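Work through the exercises below with the structure open. Each task is followed by a solution in steps.

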Amino acid sequence: MPCERKPMRYGHSEGHTEVCFDDTGRFIVTCGNDGDVRIWESLDDDDPKFITVGEKAYSLALKNGKLVTASSNNTVQIHTFPDGDPDGILTRFTTNATHVAFNSIGSRVAAGSSDFMVKVVEVSDSSQQKTLRGHEAPVLSVTFDPKDDFLASASCDGSVVVWNIEEQTQVISWPLLQKSNDVTNAKSLCRLAWQPGMGKFLAVPVETKVHLYERGSWDHVSTLSDDLLAQPINVVSWSPCERFLAAGCVGGLLTVWDVNSKLCVERQKHEKGFTVCSLAWHPSGSHIAYTDTEGCLGLLDGLGTSTADNNTTKQVAAKNPAKDYDDLFDDDDDRLMDEGLSDTKSPAKKAVGWDDDDDDFLVPATGRVKNRGAFLDDENSLDTGSLKLGQDKLGDDDDNDAGSSVAPAAAPVVPLRPVYEGPVPTPPQKAFQPGSTPAHLTHRFMMWNSVGIVRGYNDEQDNAIDVEFHDTAVHHAMHLTNSLGHTVADLSQEAVLLACPSTEELASKLQCLHFSSWDTNKEWMVDLPKGEDVRALCLGQGWAAVATSTLMIRLFSIGGVQRELFSLPGPVVCMAGHGEQLLVVYHRATGFDGEQALGVQLLQLSRKRRQLISGEPLPLSQKSYLSWLGFTAEGTPCYVDSDGVVRMLNRSLGNTWTPVCNTRETCKSKSDHYWVVGVHENPQQLRCIPCKGSRYPPTLPRPAVAILPFKLPLCQTTTEKGQMEEQFWRSVLFHDHYSFLSSSGYEIDEDAENQSQKEQQELLMKMFALSCKLEREFRCVELAEMMTQNVVTLAIRYASRSRRMALAQRLSEIALEKSNQMQEDEQEEPECSSTRRSSGYGHTDVTAGGRYSRRQNQQEEQEDEEERGEELMEEEDRQEMEPEEATETKKRVNPFAKEAGSPIKPSPTPIGKMGRANPFKVPGSGKMSASSGQPRVTNILDNMTSSKKSAQLSSSGGKPSKSPILKPLAPKPKTKTQSTLLQMAATKTANKKVQENTEQAANLQKQPDTPPPGPPADNSENKRPKTGFQLWLEENRKSILADNPDLEETDVIKEAMGRFRTLSAEERLSWTERAKGQSGDAADLKKRKRAEGGEGVENENEKAEADESSAKKKKSLDPSSKLSVFAFNQN
């Protein structure tokens, strides 16, 4: 074997050093006592890249761009390769790990440690760990069986053990080595190596020999030795082609055996005789890198390839590392066959039975320069046996053999067995308890939730569980001995629920400590049927649920009564409970290519049992798994995946899942994670524990909880528009729980709900203003669709002031639709029902005609009504508020008004006298908006006409068109007198408004051809003077009450009428004349008599008709002047 030993070069400080190649063979990677990992492009690389992994690096392994190192801080860490970014901590030991190794596909890592333990960890999910216990001294080395069924480990206790990984049991143990108390004192590192490919042999270095054990039978089948080896072998390593085994010794000797012939084909001596402590074959098999205990790196070059073909081989290897080693040498095979050098009777064929064309490797060269690449070169080889073999082979060159070899060479090369290249099934995620850390840890969190923390301790001293409550008022802390070996737990305000797996003797048990029970027995326990194990559990309000290995969920009452049970469609992953809700996630199918296929069920366990979500697929990020599941404090289901994305149930969008936060965005490095412990919607908080370099926190020191904000992943959230949209939709989503809670019969905080709706409407208005600035009028209309009626009114005002008349016109139509909708909604409800909670902020109970559908309280006293009427008139003098505004009895004021706090006095006036009026029409009836500074509740829209009517008005060019008059829902008068007095107050109001506004409209209208507002005759019906009796009553009420303080209001009026009749005719006439003098309109006397006759309701209708007609007589204006009148009619 023409092998060239390259000069050694300094790599690390003195001490144990390890080496490996990357998958392509492009880089040599070393680690050493200085705590650095160096990445060399070649042996001549004078400036290798380095990654610092700790104070010391004991071992390294590299596969699929993941670099795993065992460092002095007792951890096994992952870094990305070749970037060197930290990618998390795979596992921890109580002392340092001594050796790490990847399995053949790079999905698992095995690590042996000085604390006698071997751990097998999934790379994709470090919580999936298997711990192999049984060694009685530090572990020297570990290696995976290529088929991933077994793992072999060597230990200072002198044993070499083969483990079954899944069952975590020892298959066989051989006492082969000398015992020692530590790795540093061991005679040999005993680095085991499993033959790649089929994994037929396990190579174990024993003293100066290498023992080969057969997989499956575990028989010692052969021994490789060499007379020149005088010192123990430290490390062995298989070539990628599976045929050669290299060994490095304590004295610095490097040896390569051909496994089939058991002959030594190469020997090299370390230039300074230092101990070789690591070996690695290049993926092409052309050279070996090795390191020594002084931190130096060396290379043996030219193994097994011809010098002519060296470069092409390396290129092929680099391009296609996954291909078999055999393919690299097809050229050589063909060339040797052409020269008639093939021999199918080679030892290789007899020993293992490889393919014909592969045997050409063992053919020695003829001595020509062209064939220098054959292994047993007679010029360089030191081994006489090897030489003999070579000569025999040359002599055996006969025609039959040559012919038999050449024939298949002409046919295309067919692989040994068909290779499946489709998607690979993902190993299903194991069941876990949200809020717990992995079960293999000696000190772990069994549960951390919003109620408290359950810690588990399982070490030499004791096996115990500590329960601690965040609020000690719920219960004091508890210390429980864990004699049953409980592994899962949950905690609620009522109980602690624990469960343990079954053993060969004992069944799986469920134990509940019901500390909130009022009786003396605070504990109960249930044995599950044989062969059924608890996989997950959770507590709700008054119930507990347990998911078992038989794909079943069992429900219990909190006191221990067995309740319903039902089957799941697949193995459970985890569960969560809150109040009456049970959330279950399970495997609905096998995932492929790293994806988990999970399903979710949400059940309502109230008196009326129902399933809210039945087996829908649970959305996860790509190639991620579920890491936390639970409910917000308000009861909305949510979960977190391994990519850090938090998703929440959106009930208002058909039970879909909305991403509300990505915890990875706040992580400083790739290996940092946030471990979620709770979610709150109001205030919006994600409570989690930052974990540096790990996915979960250690129990000591006690971790600190951080609070992360939520952020929906909307587009362009750096812009003002994007920010407001994100805030709006987040507010909508996070306040959705109010409607769910109220529909479930819970009391809710109405102030908080109103505040949230106010906040949403403010955001809509801001977005509306922004869209106006950007001249996006269509977008403005879309935003207005989401607003409540009152806020649309503000939007109309904003649009008209911005001179956007077309937009204002469209908004008015939307406002009308909204008011009609509200009218329909209110009519659907029974009239007697109590005032409903408004669904949108600022919704009022105003119907399309600006009337109340709610009945007025008929028991109101007349005195109050009169006083309120007078107060209202004074208010009008100040503010020019129309009666509709003042009548709003719900005191929800406009959030955007400057003086939102000022109260609005309710008025008894029945609304709707004016019918519906167009807000853009010349305001004959004087319904003009108050200035924006005034507190407003209902607005312009309260007297808005339907779109049909406004279309008629504009098309008819100002001709009056008859429109239907809506009868108002006025309260039925209790007595005739009461009705009259009620009418009186209303008349006062109406008169004042009509006069003022008629004048205003006339002044505002500058068009010369417009006739003046209707003559007095038109408005005469509206002018209702007081009767003489009413004037007399106003002045004499106090004396009546002084004489009879106990009289009811109706009795006061009866008494007054009696006294008024006793007056002389002259006195009565003088009172009547005074009343006439006030009104100045004698023609109204007859009508006043009719009003006294109790026909108040009819009067109201007539007034409304008169108003409509007088308003319609005016010529219709063009839209812009309408709008200007509408917008600028201020005090």
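**Exercise 1.** Find the bridge partner of L254 in β25.

Solution. In β25, L254 has Q268 as its bridge partner. Strand β24 covers residues 253–258 and pairs with β25 in the antiparallel sense over six bridges. Strands are DSSP runs of E with at least two residues, numbered from the N terminus, and two of them pair if DSSP finds at least two bridges between them. The model is predicted: local features need pLDDT of at least 70, side-chain atom pairs count only at pLDDT 80 or more, and totals for chains, interfaces and linings use all residues. Residues are numbered from 1 along each chain as its sequence is written, and side-chain values use heavy atoms, with hydrogens and water left out.

**Exercise 2.** State in which order the four strands of the open sheet are arranged, and which are the edge strands.

Solution. The order is β22-β23-β24-β25, with antiparallel pairing. The edge strands, each pairing on one side only, are β22 (233–238) and β25 (263–269). From one strand to the next the twist averages 20°; axes are lines fitted to C-alpha atoms, and angles run from 0 to 180 degrees between N-to-C directions.

**Exercise 3.** Determine which parts are tied together by the salt bridge of E468 with R455, and whether each residue is buried or partly exposed.

Solution. Start with the criterion: a salt bridge is a side-chain nitrogen of Lys or Arg within 4 Å of a carboxyl oxygen of Asp or Glu. For E468 and R455, the closest N and O atoms are 3.1 Å apart. E468 belongs to strand β31 (residues 463–469) and R455 to strand β30 (residues 452–458), so the pair ties together parts that are 13 residues apart in sequence. Next, apply the accessibility classes: buried is under 20% relative accessible area, exposed over 50%, and partly exposed in between (1.4 Å probe, protein chains only). E468 counts as partly exposed because its relative accessibility is 23%. R455, with a relative accessible area of 9%, is buried.

**Exercise 4.** Give the N to O distance for the salt bridge of R647 and D641, and for that of R38 and D36.

Solution. The side chains of R647 and D641 meet at 2.8 Å, N to O. Both R647 and D641 are buried. In the salt bridge of R38 with D36, the closest N and O atoms are 3.5 Å apart, and both R38 and D36 are buried.

**Exercise 5.** How many salt bridges does the structure hold, and which residues are linked with R108 in a network?

Solution. The structure holds 29 salt bridges. The network links R108, E122, K130, D148 and E166.
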